[in-house]
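Take a look at the structure below. The text that follows walks through it one part at a time.

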Protein chains: 2
Amino acid sequence: MRVVCLAGGVGGAKLADGLQRVVAPGELTVIVNTGDDLNLHGLTICPDFDTVLYTLAGIADPVQGWGIAGETFEVAAQLARLGEETWFRLGDRDIATHLFRAERLRVGGRPTEAALELATRFNVPSRILPMSDTSVRTRVRTDSGWLDFQDYFVRRHQEPEVIEVKFDGVETASATREVKEAIRSADAIIVAPSNPIVSIGPILAVPGLLDAITAARRRGVPSVGVSGIVGGKALRGPADRMLASLGDDPSALGVARRYATAGLIDTFVIDVQDESLAPEIEDLELQVIVADTVMTNSQSRADLARTMLDAAAAARQ
Amino acid sequence: MRVVCLAGGVGGAKLADGLQRVVAPGELTVIVNTGDDLNLHGLTICPDFDTVLYTLAGIADPVQGWGIAGETFEVAAQLARLGEETWFRLGDRDIATHLFRAERLRVGGRPTEAALELATRFNVPSRILPMSDTSVRTRVRTDSGWLDFQDYFVRRHQEPEVIEVKFDGVETASATREVKEAIRSADAIIVAPSNPIVSIGPILAVPGLLDAITAARRRGVPSVGVSGIVGGKALRGPADRMLASLGDDPSALGVARRYATAGLIDTFVIDVQDESLAPEIEDLELQVIVADTVMTNSQSRADLARTMLDAAAAARQ
């Protein structure tokens with residue numbers, strides 16, 4: 001069963017890890033958001049890609065969910081001594097990833113090629129594809145004006161209220177042939193419990209990408225999403241507050257409504273805590289599955305993955 | 001007394017350190033070779049500049065003469081795990097320098113601007129200027145064909161015989177306004193005991209640079225060189241073998257002849273071991289000073305600097 005998973009950062013990485021544990025090796029392709037990418041110290045940093053990479057390589061820091069376990073910070077300490085800003089704290093091993101990528105890009109490689117080579121070097125059996133090879137930069141409007149995403153997310157700890165979101169450069173971006181081919185040959189599409197606005201949102205905004213998913217769904221390929229908001233609270237990050245400040249329900253219902261409106265999914269998994277929302281979500285013409293969705297360890301990651309793949313298999317019949 | 005010093009790597013850095021110890025703060029400008037620069041892991045590395053920078057900042061590794069004392073190698077270890085070539089072994093703190101530079105270049109800064117800012121951040125009281133803002137790459141022809149300089153120098157341990165040398169890109173390079181201004185306002189020009197072919201050679205090959213020195217000399221500004229070859233042996237590196245394989249005397253006389261032919265200097269300092277070469281060097285119409293030239297500690301660096309500045313002062317009178 002060839003599976004395509006749309007993912008952002010930590011939540012997406014966890015579900016991708018669960019999927020990698022239950023599908024045959026090589027059958028999983030993760031399409032990751034690149035709207036969070038940033039330029040730092042002359043390097044292109046891809047936080048969502050790297051989080052998925054390290055998680056699928058089995059080396060992610062188990063406490064914070066991103067970065068590499070046992071990381072050191074010698075370079076960052078020296079950059080601080082030189083008076084450089086280090087609010088986006090880069091670990092030494094993580095910097096090796098960025099240097100690996102930088103060299104591939106310098107000699108004319110596409111970001112997708114660098115990504116595929118990185119996954120190989122990290123012995124990851126799955127494919128992790130940037131949503132696009134073109135630079136897309138998520139920006140959020142707040143009381144302090146338009147902010148780069150990581151300025152909002154890391155530097156300001158997601159504290160400012162988000163009034164508006166845009167994806168700079170997305171109109172001239174395009175889905176890569178690798179992304180289109182993965183969707184074309186997929187048996188199931190899985191949407192991870194990532195932020196629907198700033199993680200899944202940029203992926204869907206890449207011209208041609210949602211079209212490819214729509215075409216697959218017309219051919220009967222099931223598309224199953226899951227809410228990253230449980231009991232009205234985002235499991236991680238600011239998705240609940242963002243939905244509210246943008247005028248949506250800060251709940252699984254709000255997430256479902258976004259995906260239904262986009263035509264992204266046919267089945268939606270909600271947590272047992274949110275069972276009461278099922279009727280309203282079914283009114284959006286979505287099949288609803290109620291399950292334990294909170295991933296606290298490898299087992300629960302695999303369980304949620306299996307739940308979603310079972311729902312996909314059921315939808316195919 | 002405003003002093004301009006032409007320098008390559010370790011030998012140049014040692015004399016620059018001596019000069020910085022004996023001139024008033026801010027009176028020293030070091031013009032460094034950039035022909036040894038290389039692109040590695042997506043970064044521009046400037047080995048000669050960095051060696052001078054770390055030495056003048058007082059943080060150079062005292063044993064090897066380049067790199068930073070107490071350096072760690074976490075990034076390099078991870079790059080090796082990823083299968084990357086690490087023959088040019090970058091330390092973590094050193095990488096911070098390269099990232100600092102990379103960010104300045106990324107946003108459109110000139111290499112000279114990045115260099116001046118780095119010296120400020122490292123609290124260096126002198127100015128260290130790249131010989132040019134344009135990329136120049138020294139290449140050497142050997143039995144294995146044309147090699148990039150660091151491939152020859154670091155990776156192959158200077159073992160192949162050098163048959164020919166070229167400075168790729170130098171014809172379209174130019175002396176920066178900072179370099180020209182430093183030479184224009186200099187009271188003395190000092191040529192460090194660096195490799196005359198691949199350290200001083202590229203500096204002299206930058207269009208406009210030797211012209212500026214010639215103009216200064218015509219105004220009576222003294223120019224004093226010193227031999228990096230003592231007793232027929234290079235104090236460090238392959239200068240002796242290179243001079244021989246290129247058909248020159250592998251001695252202080254060979255170095256003197258190169259500088260005299262270029263019209264670079266009027267006074268040449270040779271070691272007491274080479275006193276017997278003085279008559280032949282004087283035949284090149286150079287004033288000869290015999291002194292202890294081997295720099296083994298801070299005191300001998302300062303002593304050689306003072307010897308050269310005294311020679312310059314005497315030549316002015």
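Begin with a single pairing: A:Val191 has A:Gly225 of strand β10(A) as its bridge partner. This is a predicted model. The pairing belongs to a wider link, in which strand β9 of chain A, residues 188-191, is joined to β10(A) by three bridges. The two strands run parallel.

Now stay with A:Gly225. In strand β13(A), its bridge partner is A:Phe268. Here again three bridges make the link, this time between β10(A) and strand β13 of chain A, residues 267-271. These strands are parallel too. A:Gly225 thus appears in both pairings, with A:Val191 and with A:Phe268.

What about the faces of β10(A)? In a regular strand, side chains alternate between the two faces of the sheet. Strand β10 of chain A spans residues 223-226, and both of its faces are covered. A:Ser223 and A:Gly225 are buried on one side. A:Val224 and A:Val226 are buried on the other.

Next, turn to the helices. Two packed helices are described by the angle between their axes and the distance between the axes. Helix α1 of chain A covers residues 10-22, and helix α2 of chain A covers residues 47-56. Their axes come within 9 Å. They cross at roughly 35°, and the crossing is right-handed. Which residues of α1(A) and α2(A) meet? From α1(A) come A:Val10, A:Gly12, A:Ala13, A:Lys14, A:Ala16, A:Asp17 and A:Gln20. From α2(A) come A:Thr51, A:Val52, A:Thr55 and A:Leu56. The residues of this contact include five nonpolar, four polar and two charged ones.

Move on to helix α3 of chain A, residues 74-81. Its buried residues are A:Glu74, A:Val75, A:Ala76, A:Gln78 and A:Leu79. What covers the buried residues of α3(A)? The cover includes α4 of chain A, residues 92-106. It also includes two helices of chain B, α3 (74-81) and α4 (92-106). After α3(A) comes A:Gly83, with a positive phi near 85°.

That cover leads to the contact of the two chains. Chain A gives 23 residues to the contact, and chain B gives 23 residues. On the side of chain B, α3 and α4 are the elements that give two or more residues. Of the elements there, α4(B) gives the most, with ten residues. How does the side of chain B that touches chain A divide into nonpolar, polar and charged residues? Ten are nonpolar, six are polar and seven are charged.

Definitions and conventions
Residues are numbered from 1 along each chain as its sequence is written. Chains are lettered from A and ligands numbered from 1 in the order in which they are written. This is a predicted model: local features need pLDDT of at least 70, side-chain atom pairs count only at pLDDT 80 or more; totals for chains, interfaces and linings use all residues. Axes are lines fitted to C-alpha atoms, for helices over the stretch in contact, and angles run from 0 to 180 degrees between N-to-C directions. Helices (H or I, at least four residues) and strands (E, at least two) are DSSP runs, numbered from the N terminus. A crossing is left-handed if the near helix is turned anticlockwise from the far one by less than a right angle, and right-handed if clockwise. Two residues are in contact if their C-beta atoms, placed from the backbone, lie within 7 Å. Ala, Val, Leu, Ile, Met, Phe, Trp, Tyr, Cys and Pro count as nonpolar, Asp, Glu, Lys and Arg as charged, and the others, Gly among them, as polar. A residue is buried if 20 or more other C-beta atoms lie within 10 Å of its own, exposed if 12 or fewer, and partly exposed in between; C-beta atoms are placed from the backbone. Two strands pair if DSSP finds at least two bridges between them.
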